[in-house]
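Below are my comments on the model, set out as numbered points for your review. Please read them alongside the coordinates.

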Amino acid sequence: MRKLLDKLLFDKADYGLLNTLSEIINGSRSQKQLRKLFEPCFHPRGIKELAAPKEIRIITAMLDLLESQEQTPEGLEQRLSALRSLRDEIVDGNPSELRLNAARVLMQLMKELIRERKDPIRQLKLAHDMRTALLAPPRFIRRQLKKYHLLEMPEEWNQIAFDYHVHDVNTKGRKTPTHLIMDAWIKGIRELQVIYYNYVPRYAAEELLRAAEIMDVDVRIGVELATVFRGRITEMIWAPRGFSGTADFLSYLDREEVRNFQAQGVAAAEYKKKQVLAVLDDFNCNRLNALNTEFGIEMAPISQAEFLDSVRYGQPALEHIAELIAGRVFQLVQNRIDKAENDNNQPEPAATRKKLSDISGDYIRSNYLSAERLYSPPADLSELPEINQYTQNELIDRLRGISSGFRLTLNLSGLKLEDVLEILYDCRGRITHLELFNLKDYILGEFDDKEDINLLRQALNRGNVIQLKQIVRQVIARLEKSAYADRDERIAKTRRILLDLPHFIDFYSRSELGARLGSDSASRSRKLHGMGLIVADSLSPAIRRRLLHGTDSELERLPVTARAHLSRSYLPKDTSSGWGKRMLGIMRRFHAGYRVKDQWVLDDGVAKMGRPGNIASMGGFYQPQPSFSRNDILLWRGMGELWQYLNSNLKIVLKVLAGLIPAFLSFSLTRNWWLLAYGGAFIWLGITGGRNIIQAVLGGGGLKRSSLLKWNDFISWQRVADSLMFTGLSVPLLDYVVKTLLLSRWLGITADTNPLLTYTAIALANGAYINWHNVLRGFTRTAIVGNWFRTIFSIPLAILFNLIIAGILAFFGIHGVAAILENWAAIISKLASDCVAGVIEGYADRVKNISLRLQDYHQKTILLFKNYAKLELMFPEQDVMGMLKSPKVLVKSLPAENSHLEKVLFINAIDLLYFWMYQPQSRNALARIMSRMAPEERDILVLSQNVLKREKEIGQLFIDGVIGKNFSRALAFYLDYAEIYLEQLRALNRRINAEQNLSPAPETQGQ
């Protein structure tokens, strides 16, 4: 039974992927060799495809990213290189209709696969899902998004998704900056503010900003600074701004005045570290016994050294203590349960197991750790570090001395309306934002006064004197009823504010007081949804309904309403040809010929508060899958899951049979002529199968494709099987229900008496059916609407086929033409429909392939011309074009310290060779690019490929392991086809020059 299940479930490639991953993790396969493929000079669809399969490359990159936490230059570069490789491999160049969403799912699946080390069945499921995600079927992608609580984002990537308060491993978080940025992108977050305590570690800032550039996430760095306000610690988040990029920000951190300020922050961090260690000592002395009693264990005290070792790179926080304790408690309780079950052969009571599942850092922190000392200043404020002794105003003056432009956000945790009013007035408009919503505080029930504080903010922004006066008077009334020790002083201060309302309003007359919303996520809590907030208006209608109607219990609407609007821009398209420009000029008179770009703009992040609004948390609480053995097949969740993990080849066969059987039965039971009775189903499916194959081959280049590309390299057999299944299921509908029952028997209409109505009815029914299964398969609206054109165009073509066939039959004197046409009407309509589909979809495949190749060539030509510019700067007194004509001279002229440039020149040329020989439509794409270049640019491109003549150097490069140990295929490919490629490239250049009436291109001189 087990052997049978092994053959029926999963693919051989699934097992191969898991074996490779296991070898990498265990060290039996060198991760260092695969890591060489992550260098930026390698294109994801270039020569490295011959060194390792795509799934191996991306899983190795993800493993590098997740398991490296070293705060060293090597560790930083390793993580960033892995992230860049992941983006290049699975985000850029993905031809799927759900390109970005498919990439998000694939990244999430790889994370799950790497983390799963115990359950072999779940590992196989994840490996199979990962390989399926590489094909990006829309319905599967949407199902996985929902499974992992990821919202489907618009492919335009214009959603309003943000989080202005998150933490990484350098404070109290769990993730490295690179990991944090990747997870933010997976969730769909476009704007992020990462908070550091007291100072910004330079290495953390560099990693964070560079990772954000790779994934195109708008990231900001904030520093949480503590001050004392009326006997309590309050925090403000300082976010310097106005930098042109990563290097500019890092140079800012290197300024002497900023380093001095950072040194004060380091002292404050050391003070907080002592406070946290005091909490640990308090736990060991006063609370450990109660914990041991509750869980029936004997846990030893935790030393400060043990605790600090567990923190590693972050700043010690209560979250670290709680998680360390929870981990030890869990292990001790689990050991006790295992021992009891082994001794007594009796399962532990359910209550004990329930207790085990409740153990978490949240539970430990709320029940066994005292945080009061962290939020209450000492009686003698001189004990505080200097930076924490400042008042809010003094701190702002200090910040203005080191940064001319910054955002300053007041953290409202623990603050009341009266506190915020006083602080805003004292700071005289220099606080730019209020953190009006903190998801952690909201989940923990700390949401007091936020609505009133927001009304205060709006009154200041609008200059509404009446409302502001009412709020201040309300504060005075509250203070009069309060029990504050300094109540009289507070009342007197608030009255002064009431008398100075004109100046108070003027503070924010030129720059509004903004709102900030954040999760305060550190990726350590079971109670929180994790980072990310989303404005529902910016999502698709279906996803928006899920959020607003509460159909997904994991996606929580928050008591905040934002005001946003959609901005639409019309960007003129461009074309290099005169005919194209004239056509665009005519089209623009009718508002056509433009590329439309939609962008959502947030007007006010907190327009209203107090009831469920249009902002929701992103993501839910993921529950681990139960562990099953391969023999527990009946425990699998229904036939749907079994079908999902069925062997792919078997699934293809079953899909074809699912289409063939109903088609065969329909023809055999309704036809008397043996050809249609027994061959009709094969003719019907043959039309669709042939159309799929022909359109795929033509879309990939047709007869002009490279000799290395076989016809079946372009074909997705899964796609063909899907088409055959759905087209077979359509036979009973089109041939029997529509043509025979409805038209012939009920209405008396045949293909002979009224061909127009016959073929129109069949085509419309077919169009409705196609749209239905397109919706079922999760196709985009554009694809669904496009299929209606297939229906419309197929009608006149079917009538034309009908007339041609009738004429041929009459010409040969065959009797019973009307009966023959009636019998073949559905097949004729099917043939017409597939002919139109072949043209439309084949052209779409061709455009898609050319678009991908244009993108690939664009990336490589940017690198090519950048390297050429380096050569011009390196040899200012020499003719670099002349050096390119003789690659031997060029290679010998490069100094030894520029060996990396030599390697990049070789790899760039080899990648372009690989494009030309292996990638669909690469030749058409390169011809199009070169025709748009200036003659000098074309010559540089062609001559730069002459380095391929240096067989000795390139061969040595492969032998030295530039792509790892598995280089034999790549080296053989280069040696066999480099000269052919160079000749074909020179011929292309000569042809383009001839078409443009230019002089012949320069030829190569020597080797």
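1. In this predicted model, an open sheet is built from 9 strands, whose order is β7-β6-β5-β4-β3-β2-β1-β8-β11 and whose pairing is mixed. The two edge strands are β7, spanning 514-518, and β11, spanning 615-617, and each of these pairs on one side only. From one strand to the next, the twist averages 30°.

2. Within that order, β5 (residues 406-411) and β6 (residues 433-438) run parallel and are joined by 3 bridges. For a residue-level check of the register, L410 has L434 in β6 as its bridge partner.

3. The pairing of β1 with β2 is likewise in the parallel sense and extends over 3 bridges, with F162 having E191 in β2 as its bridge partner. As for how far β2 is shielded, the strand is mostly covered, since 6 of its 7 residues are buried.

4. Which strands does helix α9 lie across? The helix, made of residues 177-187, lies across β1 (161-166), β2 (191-197) and β3 (218-229), and its direction is at about 150° to that of β2.

5. Turning to internal space, the structure holds 8 cavities of 30 Å³ or more, and the largest cavity contains about 100 Å³ of space. The elements that give two or more residues to the lining of this largest cavity are α33 (817-874), α36 (899-918) and α38 (935-944). Of these, α33 provides the largest share, with 4 residues.

6. The lining of the largest cavity consists of L864, N867, Y868, L871, L884, L905, N908, A909, I940, S944, Q945 and V947. What does this lining look like by class? There are 8 nonpolar and 4 polar residues in the lining, and no charged ones. As a general remark on such analyses, rolling a probe the size of a water molecule over the atoms shows where empty space is left.

7. A last point concerns A492, which sits in helix α23 (residues 487-499). Is A492 buried or exposed? The answer falls between the two classes: A492 counts as partly exposed because its relative accessibility is 34%, whereas buried means under 20% and exposed means over 50%. Should you wish to relate this residue to F243, the two are 249 residues apart in sequence, and their C-alpha atoms are 43 Å apart in space.

Technical notes: Residues numbered from 1 in each chain as written. Predicted model: local features only at pLDDT ≥ 70, side-chain atom pairs only at ≥ 80, totals over all residues. Heavy atoms only, no water. 1 Å grid on protein atoms, 1.4 Å probe; cavity = no way out; pocket = protein on both sides within 12 Å on 5 of 7 lines; lining within 4 Å. Points joined across faces, edges and corners; volume = space filled by probe spheres on them. Nonpolar A, V, L, I, M, F, W, Y, C, P; charged D, E, K, R; others polar. Pairing = 2+ DSSP bridges. Axes fitted to C-alpha atoms, helices over the stretch in contact; angles between N-to-C directions. Contact = heavy atoms within 4.5 Å. Buried < 20%, exposed > 50% of the residue type's maximum accessible area, 1.4 Å probe, protein only.
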